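Trainee: I would like a close look at one part of this chain. Please start from a single residue and work outward.

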Amino acid sequence: FAALHNAGVQLAFGSDSPVTPLGPWGAVHAATHHRTPGVSVGVREAFHAHTAGAAHAALAGRATAVLRPGAAADIAVWRHPVGSGDTAHTVLASLAVQGAQESVTAALVLRSGNAIHTDGSLV
């Protein structure tokens, strides 16, 4: 992963479902803690590859990965316990830890701008 990223290749991660479980946080962990030394990427790069990179690849470059008012978005909003001193980077780094998905729950999922899942806390 690191060699591709350093060469300017846009990474796009996803799952191999149903062969492997749907697990975005597991994929982030695998990319940031690769078993081969020197192959891992940083947590920001792994998160980007699993979100914006995947959208860009799936939509053949038509995805901008930018949310705008009125846009028909496909997005998942995750609930994660955050401490008072946490930054976006520390939260992302904590999610790259093996088993982190157990502390995260989906609060809202939009498909083409329509809520297809909500835990009721945001909508």
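Trainee: Where does Thr90 lie?

Mentor: Thr90 lies in helix α4. Helices here are DSSP runs of H or I with at least four residues, strands are runs of E with at least two, and both are numbered from the N terminus. This is a predicted model, where local features need pLDDT of at least 70, side-chain atom pairs count only at pLDDT 80 or more, and totals for chains, interfaces and linings use all residues. Residues are numbered from 1 along each chain as its sequence is written, and side-chain values use heavy atoms, with hydrogens and water left out.

Take confidence next. pLDDT is the predictor's confidence in each residue, from 0 to 100. Its mean over the chain is 76, and 74% of the residues reach 70 or more. Helix α4 (residues 88-95) has the lowest confidence, at a mean of 69. Helix α1 (residues 2-6) has the highest, at 89.

Is Thr90 buried or exposed? Neither: Thr90 counts as partly exposed because its relative accessible area is 35%. The cut-offs are under 20% for buried and over 50% for exposed, with partly exposed in between (1.4 Å probe, protein chains only).

Now step across to α3. Thr90 and Val43 are 47 residues apart in sequence, yet 9.5 Å apart in space, C-alpha to C-alpha. Val43 is one of the buried residues of α3, along with Ala46, Ala49, His50, Ala52 and Gly53. The helix has 16 residues. From its first C-alpha to its last, α3 reaches 21 Å, close to the 22 Å expected at 1.5 Å a residue. That expected span is 1.5 Å times one less than the number of residues. At Ala49, α3 bends by about 40°. The bend is the angle between axes fitted to the seven residues ending there and the seven starting there. Just after α3, Ala60 takes a positive phi of about 50°.

Val43 also leads to the core. The largest nonpolar core has eleven residues, including Val43, Ala46, Ala49, Phe13 and Trp25. Both α2 (24-32) and α3 (43-58) supply at least two of its residues each. A nonpolar core is a set of buried Ala, Val, Leu, Ile, Met, Phe, Trp, Tyr and Cys residues joined through side-chain atoms within 4.5 Å. In soluble globular proteins, nonpolar side chains tend to be buried together.

Two residues of α3 deserve a closer look. Leaving aside neighbours within four places in sequence, Ala46 is in contact (heavy atoms within 4.5 Å) with Phe13, Val28, Ala31, Thr32 and Val41. His50 is also found in α3. His50 counts as buried because its relative accessible area is 18%. With the same neighbours left aside, His50 is in contact with Phe13, Gly14, Pro24 and Ala27.

Step back to the whole chain. It has four helices and three strands, in the pattern α-α-α-β-α-β-β. Buried residues make up 22% of its 123 residues. Among contacts with a separation of 6 or more, 61% join residues 24 or more positions apart.
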